[in-house]
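Open the model in your viewer and keep the sequence panel in sight. Each stop below gives a selection and then what is found there.

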Amino acid sequence: MAKPDVLLLAPMAGVTDWPLRVLCYRMGADYACSEMVSAMGFTHAKTNNETYRMLLGVHPEEKNTACQLFGSDPAVMGEAAAKLTELGRFTMLDINMGCPARKVVGGGDGSALLLDPDKAYRVMEAVKNNTSLPVTLKTRLGFDQDSMNALRLCEAAQSLGFAWVTVHGRTRQQQYSGQADYAAIGSLKARLSIPVVANGDLFTPEDALRMKRETGADGLMIGRGAMGNPWLFRTARQALEGKPVVRETLSERIETAMQHAEWMVEAKGERMGIVEMRKHLGHYISGLRGAASIRREVNFMLTLSQMRGLLDRLLEAAQQEEMA
């Protein structure tokens, strides 16, 4: 991570498919990560399985995209790592040891591995031994206050020669409540020689400055803040470089939402693409006059033409407002 102030797009289930990743790259992201991929599911899936076709889709514009893998069986994780490497699509593999979702944790995966650092090490070792790609780790501070094992997991990653570790500044027990603990990430950073990426609560350029100042991290990872706001990569970098922060115009926001919708249909077909685009569009229109009523209209849309019609109306209104 030689480049200063590296900005990374976090892996988010149901969110960080290639349409969002490409938009974030266009706005200045240095790196992006796929949605979580189940090692068990992937290794047992039939050839040309549609779910994994979409999960593992990579656009030609993507320049530095990792695949995030989750699982707790070292042998299965190693097999999945080898198969993913053979695809030749990804620049890195990221191991998820931070997901707080009940379904994932219930299977002993994700942040459940914070409860068993020895098994976590075996999982990391298996992945590292079965790929030629750089490997990274994403985790949380601990499972709860009684198992603050992030340091042990990060030291394991360091000893295995991982490229970096990403730490979300909450425990699994906290889910997404409260505030990310930047001081705790900074404490970990001070005790490690491996590069550390900070994650949690980066929603504005000002958040980027505070995260950098309080963690001293080598990179900053943007998650939920990128939804409906890929420009956050541009404005965060401007702030970090001490430049004036230039916000997107309303027209740019709506035009980008249209591009996003079109790519979602290209990636997933019209019905699924539009249904999944609804959550993104809710973020794009946040703060607009009449956003609540617009959101209700969006929730019943099933076709790209319906969404285009709405966005065309919003764009016309925005252009008139900007010219006034």
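Start with E270. In this predicted model, E270 belongs to helix α12, residues 270–284. Is E270 buried or exposed? With a relative accessible area of 39%, E270 counts as partly exposed. Now add T303. The two residues are 33 apart in sequence, yet their C-alpha atoms are 6.3 Å apart. Show the contacts of E270, leaving aside neighbours within four places in sequence. You should see V265, L302, T303, L304 and S305.

**α12 and α14**

Extend the selection to the whole of α12 and add α14. Their axes come within 10 Å and cross at roughly 30°. An angle under 35 degrees counts as roughly parallel, so α12 is roughly parallel to α14. On the α12 side, select E270, I274, M277 and L281. On the α14 side, select L304, S305, M307, L310 and L311. Colour this contact by class: seven residues are nonpolar, one is polar and one is charged.

**α11 and α14**

Keep α14, residues 304–323, and switch its partner to α11, residues 250–268. How do the axes of α11 and α14 cross? They come within 8 Å, at roughly 165°. Angles over 145 degrees count as roughly antiparallel, so α11 and α14 run roughly antiparallel to each other. Their crossing is left-handed.

Now pick out the contact residues:

- From α11, take L250, S251, I254, E255, A257, M258, A261, E262 and V265.
- From α14, take L304, M307, R308, L311, D312, L314, L315, A318, Q319, E321 and E322.

Class colouring here gives 12 nonpolar, two polar and six charged residues.

**The nonpolar cores**

Next, select I95 and M124. These two have the most contacts inside the largest nonpolar core, a set of 99 residues. Which helix or strand gives the most to this core? It is α11, with nine residues. Centre on I95 and show its contacts, again without neighbours within four places in sequence. They are L69, M77, V123, M124, V127, V135, T136, L137, K138 and F162. Then move to the second core, which is separate and has 10 residues. Among them are L8, A10, A66 and V197.

**α10**

Select α10, residues 232–240. How many of its nine residues are buried? Eight are, so to speak of α10 as mostly covered is fair. Show L232, F233, T235, A236, R237, Q238, A239 and L240. These buried residues pack against β1 (6–9), α1 (18–26), α9 (205–215) and β8 (219–222). Step just past the end of α10 to G242 and check its backbone: phi is positive, about 75°.

Add α9 to the view. The axes of α9 and α10 come within 8 Å and cross at roughly 50°. That angle makes α9 oblique to α10. The crossing is right-handed. From α9, select P205, A208, L209 and K212; from α10, select L232, T235, A236, A239 and L240. By class, this contact divides into seven nonpolar residues, one polar and one charged.

**Three loop positions**

Go to G223, in the loop between β8 and α10. G223 is buried, at 11% relative accessible area. Add F203, 20 residues away along the chain; the C-alpha atoms of G223 and F203 are separated by 8.4 Å. What does G223 touch beyond its neighbours within four places in sequence? Its contacts are A10, M12 and N199. A10 was already selected as part of the second core.

Now take D201, in the loop between β7 (196–199) and α9. D201 is not a glycine, yet its phi is positive, near 65°. D201 has 14% relative accessibility and counts as buried.

Finish at Q175, in the loop between β6 (164–171) and α8 (182–191). Q175 is another non-glycine residue with a positive phi, about 55°. Its relative accessible area is 31%, so Q175 is partly exposed.

Conventions. Residues numbered from 1 in each chain as written. Predicted model: local features only at pLDDT ≥ 70, side-chain atom pairs only at ≥ 80, totals over all residues. Heavy atoms only, no water. Axes fitted to C-alpha atoms, helices over the stretch in contact; angles between N-to-C directions. Helix = DSSP H or I, 4+ residues; strand = E, 2+ residues; numbered from the N terminus. Parallel < 35°, antiparallel > 145°, perpendicular 65-115°, else oblique. Left-handed = near helix turned anticlockwise from the far one by under 90°. Contact = heavy atoms within 4.5 Å. Nonpolar A, V, L, I, M, F, W, Y, C, P; charged D, E, K, R; others polar. Core = buried A, V, L, I, M, F, W, Y, C linked by side-chain atoms within 4.5 Å. Buried < 20%, exposed > 50% of the residue type's maximum accessible area, 1.4 Å probe, protein only.
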